[in-house]
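Biologist: Walk me through the pocket in this model, please, and then follow what is packed behind its lining.

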Amino acid sequence: MHLTFTEKHTKNVGLCIDIDRQIYSAQSRFQRIDIFETPEFGRILTLDGFLMLTEKDEFIYHEMIVHVPLAVHPNAESILIIGGGDGGAVRELCRYDTVRHIDLVEIDEDVVAACKEYLPDVSCRLDDPRVTVHYEDGLRFIRRFTDHYDVIIVDSTDPFGPGEGLFTKEFYGNCYKALKADGILVNQHENPFYPDDALSVRQIHKRIVQSFPLSKLYQAHIPTYPSGHWLFGFSSKKHHPVNGMDAGRWNALGIKTRYYNTNLHKAAFALPTYVEDIIKDVEDADISRL
Ligand code: SAM
């Protein structure tokens with residue numbers, strides 16, 4: 001018998017992965033959760049049929065969503081992650097001795113339980129004493145904080161289903177309020193390649209730009225995400241994502257990474273022309289500053 005998982009990226013294109021066996025399947029209060037064993041990508045996690053991570057390429061996503069802001073912020077102690085119940089972002093953050101406290105706000109307790117059981121290489125630091133896990137909607141959680149976090153990381157699902165509220169103007173405004181005066185917000189920002197997704201990229205960026213004085217996109221190559229070309233948003237009250245990055249300080253930490261490095265950090269903010277065009281009139285882009 002030949003089993004496959006297919007995720008449609010457009011109505012004409014899909015990613016098809018051979019499956020050895022299904023390891024876990026459950027319907028939570030919020031979504032359907034599946035974990036499969038695959039010959040090419042190791043274990044993969046899907047939510048409502050959409051691929052969240054694979055053991056083989058998750059390091060790219062999690063290194064880029066964590067090390068970019070942490071290499072810029074000179075003293076990030078208090079961190080908020082919204083979503084990210086798999087624990088991958090927590091794992092990367094726990095590599096910094098300077099990080100004192102991490103609030104992880106995940107709406108779905110069952111995602112955390114499944115990842116702890118079946119994806120231990122990803123979830124391995126969720127029990128670190130610096131981590132507090134809150135099972136709550138991030139949209140509600142963020143409302144109660146002012147001037148509190150150094151870095152906020154939005155590691156959410158896509159802009160529909162339970163993650164929809166995490167792409168609203170109200171949410172980004174509340175992130176701004178919850179950050180300290182030199183705080184940084186990083187969010188997963190979808191792919192710019194397929195037209196419907198490019199429209200989302202533009203809408204998301206437009207909403208963030210209305211809340212933050214400085215907002216730039218950066219990119220990574222993630223083989224299993226739609227088109228393989230993924231964007232992240234970097235928004236800040238003070239620090240510039242490239243000029244504000246201290247390569248000497250970060251390299252002195254001795255953190256061993258497989259994708260992120262400080263040269264790539266700078267390069268990741270240099271966007272292809274077609275991506276610049278998508279956001280051209282949304283942000284006041286001044287590429288010479290990068
Ligand atoms: N890296 C992944 C990606 O881009 O496909 C995201 C991974 S992570 C598993 C996303 C998590 O966000 C899910 O576990 C989901 O339950 C959680 N989530 C979705 N909406 C949320 C909300 N409103 N508040 C908190 N967590 C939310």
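Modeller: A pocket here is an open set of points on a 1 Å grid over the protein atoms alone, where a 1.4 Å probe fits, with protein on both sides within 12 Å along at least five of seven lines; its lining residues have an atom within 4 Å of a point. Mind that this is a predicted model, so local features need pLDDT of at least 70 and side-chain atom pairs pLDDT 80 or more, while totals for chains, interfaces and linings use all residues. Numbering runs from 1 along each chain as its sequence is written, and side-chain values use heavy atoms, without hydrogens or water.

The lining of the largest pocket takes in 50 residues, and Met-52, Ser-156, Thr-157, Asp-158 and Gln-188 sit nearest the centre. Strand E6 (50–54) is its biggest contributor, with 5 residues; helices (H or I, at least four residues) and strands (E, at least two) are DSSP runs numbered from the N terminus. At least two lining residues each also come from strands E1 (3–8), E5 (42–47), E7 and E8, and from helices H1 and H7.

Let's follow E7 inwards. This strand covers residues 78–83, with Ser-78 among them. Ser-78 has a relative accessible area of 13%, so it's buried (under 20%; exposed is over 50%, partly exposed in between, with a 1.4 Å probe on protein chains only). Beyond its neighbours within four places in sequence, Ser-78 makes contact (heavy atoms within 4.5 Å) with His-101, His-148, Tyr-149, Asp-150 and Val-151.

E7 also gives two or more residues to the largest nonpolar core, a core being a set of buried Ala, Val, Leu, Ile, Met, Phe, Trp, Tyr and Cys residues joined through side-chain atoms within 4.5 Å. This one counts 43 residues, and Met-64, Ile-102, Tyr-218 and Phe-232 have the most contacts inside it. H1 (58–72) supplies the most, 10 residues. Leaving out residues up to four places away in sequence, Ile-102 touches Ile-79, Ile-81, Val-90, Leu-93, Cys-94, Arg-130, Val-131 and Thr-132. Apart from the largest core lies another, of 21 residues, including Tyr-149, Phe-171, Ile-204 and Ile-208.

Phe-171 leads us to helix H6 (169–178), where Tyr-172, Asn-174, Cys-175 and Ala-178 are buried along with it. Looking down the axis of H6, these buried residues fall within an arc of 160°, so they line one face of the helix; the arc is that of the directions from the helix axis to the C-beta atoms. Their cover includes E7 again, plus helix H5 (138–141), strands E10 (149–155) and E11 (179–188), and helix H7 (195–209).
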